[in-house]
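Could you load the model in your viewer and keep the selection panel handy? We will go from one stop to the next, with something to pick at each.

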Amino acid sequence: MSPIVSIKNWYLSLEQELQADIGYFFSTTILNEDGFDNPSDRVIKWLDAVAVSQTYHQVGAAVTFRAFISYFISDRFREDGWATPERLFKSVIQEASEDKTRESTASRLAPSAFRMLRNLPDRKAKWIEAGQAWKVLLDSTLSDAAFNDYTFPGSQT
């Protein structure tokens with residue numbers, strides 16, 4: 001199976017909420033597009049376009065996606081990666097509670113921050129599970145050796 005098809009299968013196995021989060025980051029950072037309009041569809045469209053391209057292009061795209069996940073997403077795959085978002089949500093809620101005018105940015109963000117803080121344990125569990133599946137993919141289809149085998153079938157690594 002090609003690395004791109006493996007990435008697509010992993011991506012599609014995720015819950016829509018996680019797909020949307022990854023899609024937003026990917027659209028804005030890698031595709032250099034506004035990530036708010038159907039970010040999950042943009043990732044799938046990109047993967048589908050790459051899947052029919054030359055082998056080297058597919059491997060290059062897979063390396064790009066692997067690096068993207070490593071830099072922008074991988075902290076969500078670990079328990080300790082959720083400390084900063086939790087602090088941020090609590091800080092926004094605290095700041096909003098001290099805003100007597102209720103006109104600050106924190107006051108506008110507080111309902112979302114509260115909802116996200118309340119849902120944090122569930123979201124964290126989903127992300128950690130996604131990370132475990134990603135690790136399996138990294139160790140198999142997305143390893144440097146697997147890229148070499150895909151690029152040069154039958155060669156010894």
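Here is a short walk through the model, with a selection to make at each stop.

Before you begin, keep in mind that this is a predicted model.

**Stop 1: helix H4**

Select residues 55-73, which form helix H4. With 19 residues at 1.5 Å a residue, this helix should span 27 Å, and its end C-alpha atoms are 26 Å apart, so the two values agree. Now colour the buried residues of H4: Gln58, Val59, Ala61, Ala62, Phe65, Phe68, Ile69 and Ile73. What do these buried residues pack against? Their partners are helix H1 (3-13), H2, helix H3 (39-51), helix H7 (120-139) and helix H8 (144-151).

While you are on H4, click on valine 63, which also sits in this helix. Its relative accessible area is 33%, so valine 63 is partly exposed. Next, draw a distance from its C-alpha atom to that of leucine 142: you should read 7.8 Å, although the two are 79 residues apart along the chain.

**Stop 2: the nonpolar core**

Show Trp10, Ile22, Phe65, Ile69, Phe77 and Trp134 as sticks; of the 35 residues in the largest nonpolar core, these touch the most other members. At least two residues of this core come from each of H1, H2, H3, H4, H5, helix H6 (105-118) and H7. Which helix gives the most to this core? That is H4, with seven residues.

Centre the view on tryptophan 134 next. Setting aside neighbours within four places in sequence, tryptophan 134 is in contact with Trp10, Phe65, Arg66, Ile69, Phe77 and Leu142.

**Stop 3: serine 2**

Move to the segment before H1, where serine 2 lies. Is serine 2 buried or exposed? Its relative accessibility is 11%, so serine 2 counts as buried. Leaving out residues up to four places away in sequence, serine 2 touches Gln58, Thr141 and Tyr150. Gln58 is one of the buried residues of H4 you coloured earlier.

**Stop 4: the largest pocket**

Finish by selecting Ala20, Asp21, Tyr24, Phe25, Asp75, Arg76, Gly81, Trp82, Pro85, Phe89, Met116 and Arg123, which line the largest pocket. Its volume is about 220 Å³. Colour the lining by residue type and you will find seven nonpolar, one polar and four charged residues. Helix H2 (16-29) and helix H5 (83-97) each supply at least two residues of this lining, and H2 gives the most, with four.

Notes:
Residues numbered from 1 in each chain as written. Predicted model: local features only at pLDDT ≥ 70, side-chain atom pairs only at ≥ 80, totals over all residues. Heavy atoms only, no water. 1 Å grid on protein atoms, 1.4 Å probe; cavity = no way out; pocket = protein on both sides within 12 Å on 5 of 7 lines; lining within 4 Å. Points joined across faces, edges and corners; volume = space filled by probe spheres on them. Nonpolar A, V, L, I, M, F, W, Y, C, P; charged D, E, K, R; others polar. Expected span 1.5 Å × (residues − 1). Buried < 20%, exposed > 50% of the residue type's maximum accessible area, 1.4 Å probe, protein only. Contact = heavy atoms within 4.5 Å. Core = buried A, V, L, I, M, F, W, Y, C linked by side-chain atoms within 4.5 Å.
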